[in-house]
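User: I've got this model open and want to know what stands behind the labels people put on it. Can you take me through them?

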Amino acid sequence: MAGAAMSGTCAGAAGGDGDDSLYPIAVLIDELRNEDVQLRLNSIKKLSTIALALGVERTRSELLPFLTDTIYDEDEVLLALAEQLGNFTGLVGGPDFAHCLLPPLENLATVEETVVRDRAVESLRQISQEHTPVALEAYFVPLVKRLASGDWFTSRTSACGLFSVCYPRASNAVKADIRQHFRSLCSDDTPMVRRAAASKLGEFAKVLELDSVKSEIVPLFTNLASDEQDSVRLLAVEACVSIAQLLSQDDVETLVMPALRQAAEDKSWRVRYMVADKFSELQKAVGPKITLNDLVPAFQNLLKDCEAEVRAAAAHKVKELCENLPIEDRETIIMNQILPYIKELVSDTSQHVKSALASVIMGLSTIVGKENTIEHLLPLFLAQLKDECPEVRLNIISNLDCVNEVIGIRQLSQSLLPAIVELAEDAKWRVRLAIIEYMPLLAGQLGVEFFDEKLNSLCMAWLVDHVYAIREAATNNLMKLVQKFGTEWAQNTIVPKVLIMANDPNYLHRMTTLFCINALSEACGQEITTKHMLPIVLKMAGDQVANVRFNVAKSLQKIGPILDTSALQGEVKPVLQKLGQDEDMDVKYFAQEAISVVAQRLRKLDFPVNDSEEPSVPWVDKSHFPRPRVPGEDTGKGPAYQLHGNTRDTLAQLEIAELVHFSQSRD
């Protein structure tokens, strides 16, 4: 029936009246039945267009029944359909007709593919808010009951996500029926259904009356927390947070804590892991008294758990636990009950545990104060700075600002330097990249004298690293250092070393000089750029490698706004005009781009510019540069020069050159 109706719709849409404007709609409707999955998918994604063309009545009477019958389509088509229907209320006539969308979504909520079911449930939840209370009880609640009592587990799992949205607006008689259906799902024979019920238990508890929470939800929670399947028990831990927030301290102690204590010592490491992962939320939910009596001892056990995953999850929560302790007892509890276990984790056998601890331990210094930090935490920091695992050392260095606020970084400087050097020379380029990103922070904390003496050489060495990402990060690092230490420091310390690289035999290093000048020019200002950097850039315009020459043009375009009029007109423009006549197509293109920018700059400064002085190359297609080469042509240039033809992206060009022509290998 639906298929026949839609066939008629197709003819009607293209119409006997000869209205060609609706022809695309007819095509979309026809594609809904096409054998090609991609065509059906495209049509489903434009379902709102079809509905608008059909009108609300025909959408309700023809399109929706047809869609209800497409339940056996490919998963990706069904997923798109479930997503579209969630926003369809206005296209079927508004909230009064929202119930018309329930049949196709009900079918989608029963399919085997989990992603489709979840999206259908999400759309049903969305549509439920648009039902009136009467329509909700007449159409939506019966749908939930049908799903909850379905033969297949798929429909029952979908039902679990719908109870919380229909319960608040239902009448008391219907509420009791809804609670009964939820109870039956919590004791379902199928573990997948119990899992779904456990995952929605906390959400459902939030919309229930307090008496119902105590009399019905808590027993369900207790049963799920002792389920034979650990995948159910670990989800009950999440529900524990929501339930504890609803109850008084006495009720939490009586009704919730027995199950939580059991979960913290569960035989399954996955359940214990969930307790550790949710520890901060649990701590806030149960309150300070229960935290001191029950959670702190449980946390100690988690920190010394036999499974590394559990210890790592608990280690991640050390700082949050300490922050949330009662202020009056905080220092005592940390020093006596938490710190001894932290000391053991510093030398843990698992690098994941040590790395997790290193990411948060520095934050304890602001909590325990200066004296305790120096006496108890400082030795731990120093031990972790010497750890064999680079991630541990990196996590300590990345959080140095916490210690700097409390005791100053000088206490760590002697141990810090070897750790920084090792990380800077690590075989893994991502480790080197990470330490570069923290260098400006370290420089600000250590001071300019310490930096010049110990770390300056490292920063310069990164500029000639064989990985482009490192050289790029090192360039940005220099700019941040200049912003921190000032232009005078840059002129005396950094700029001379950068400019020396312009004579390096490796063309990649010469190009790095240009990248550094691009980055430093703005930070250093006009005087240093004009006096020290510009002559080097102009000199490099005669480089034998075309890659360098067209980057000279790009650099002149970049630093042009910083230079004064006389430098632009007298020095930059002649060089760009010469590059504009270069034999290389890419050099010529970038030179023309730079000339155009420089000319605009001069006009803004009211400097007379002759159009004839702004040469153009009308035959150059700026979107594509074919590079004519006679087969077997010997250009007389090196392989890196010949490689770059048609290259527009400097980064890609550099990486290709490295891979093909240089013996250094990536990490």
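Analyst: Sure, starting with the surface: the protein exposes about 29,700 Å², and carbon and sulfur atoms supply 49% of that. Areas like this come from the Shrake-Rupley method with a 1.4 Å probe, and for residues only the protein chains shown count as cover. Keep in mind that this is a predicted model, where local features need pLDDT of at least 70, side-chain atom pairs count only at pLDDT 80 or more, and totals for chains, interfaces and linings use all residues. Residues are numbered from 1 along each chain as its sequence is written, and side-chain values use heavy atoms, with hydrogens and water left out.

User: What makes up the secondary structure of the protein, in helices and strands?

Analyst: There are 39 helices and zero strands. Both are DSSP runs numbered from the N terminus: helices are H or I with at least four residues, strands are E with at least two.

User: How much of the protein is buried?

Analyst: Buried residues account for 54% of the 667 residues. The word means under 20% relative accessible area, while exposed is over 50% and partly exposed is in between (1.4 Å probe, protein chains only). As for contacts, meaning heavy atoms within 4.5 Å, take those between residues at least 6 apart in sequence: 68% of them join residues at least 24 apart.

User: Why is Phe-221 called buried?

Analyst: Its relative accessibility is 2%, so Phe-221 falls under the cut-off and counts as buried. Phe-221 sits in helix H14. Leaving aside neighbours within four places in sequence, it is in contact with Leu-201, Ala-236, Cys-240, Ile-243, Val-256 and Ala-259. The C-alpha atoms of Phe-221 and Cys-240 are 7.6 Å apart, with their positions 19 residues apart along the chain.

User: Which residues touch the most other members of the largest nonpolar core?

Analyst: Ile-243, Ile-397 and Leu-556 do, in a core of 221 residues. A nonpolar core is a set of buried Ala, Val, Leu, Ile, Met, Phe, Trp, Tyr and Cys residues joined through side-chain atoms within 4.5 Å. Ile-243 also contacts Leu-201, Ala-205, Ile-217, Val-218, Phe-221 and Val-256, neighbours within four places in sequence aside.

User: How do you know that the span of helix H13 agrees with its number of residues?

Analyst: The expected span is 1.5 Å times one less than the number of residues. For the 17 residues of H13 (191-207) that gives 24 Å, and the end C-alpha atoms are 25 Å apart, so the two agree. Even so, H13 has a bend of about 45 degrees at Leu-201; a bend is the angle between axes fitted to the seven residues ending at a residue and the seven starting there. Leu-201 is also among the buried residues of H13, and what covers those includes helices H14 (210-225) and H15 (230-246).

User: Where does helix H22 bend?

Analyst: At Ile-338, by about 50 degrees, and Pro-340 follows within four residues. Ile-338 is one of the buried residues of H22, along with others including Ile-334 and Tyr-341. The helices that the buried residues of H22 pack against include H19 (288-303) and H25 (370-385).

User: What makes H35 "largely enclosed"?

Analyst: Eleven of its 14 residues are buried, so the label follows. Among them are Phe-550, Leu-556 and Ile-559. The length of H35 (546-559) checks out too: 20 Å is expected, and its end C-alpha atoms are 20 Å apart.

User: Why does Asp-387 count as buried?

Analyst: Because its relative accessibility is 10%, which is below the limit. Asp-387 is in the loop between H25 and helix H26 (390-398), and its side chain joins that of Lys-354 through a polar contact of 3.2 Å. That term means a pair of N or O atoms within 3.5 Å; within protein, one must be able to donate a hydrogen and the other to accept it, and residues adjacent in sequence count only if both atoms are side-chain atoms.

User: And why is Asp-266 called buried?

Analyst: Its relative accessible area is 6%, so Asp-266 qualifies. Asp-266 lies in the loop between helix H16 (249-264) and helix H17 (269-277), and its side chain makes a polar contact of 2.9 Å with the side chain of Arg-233.
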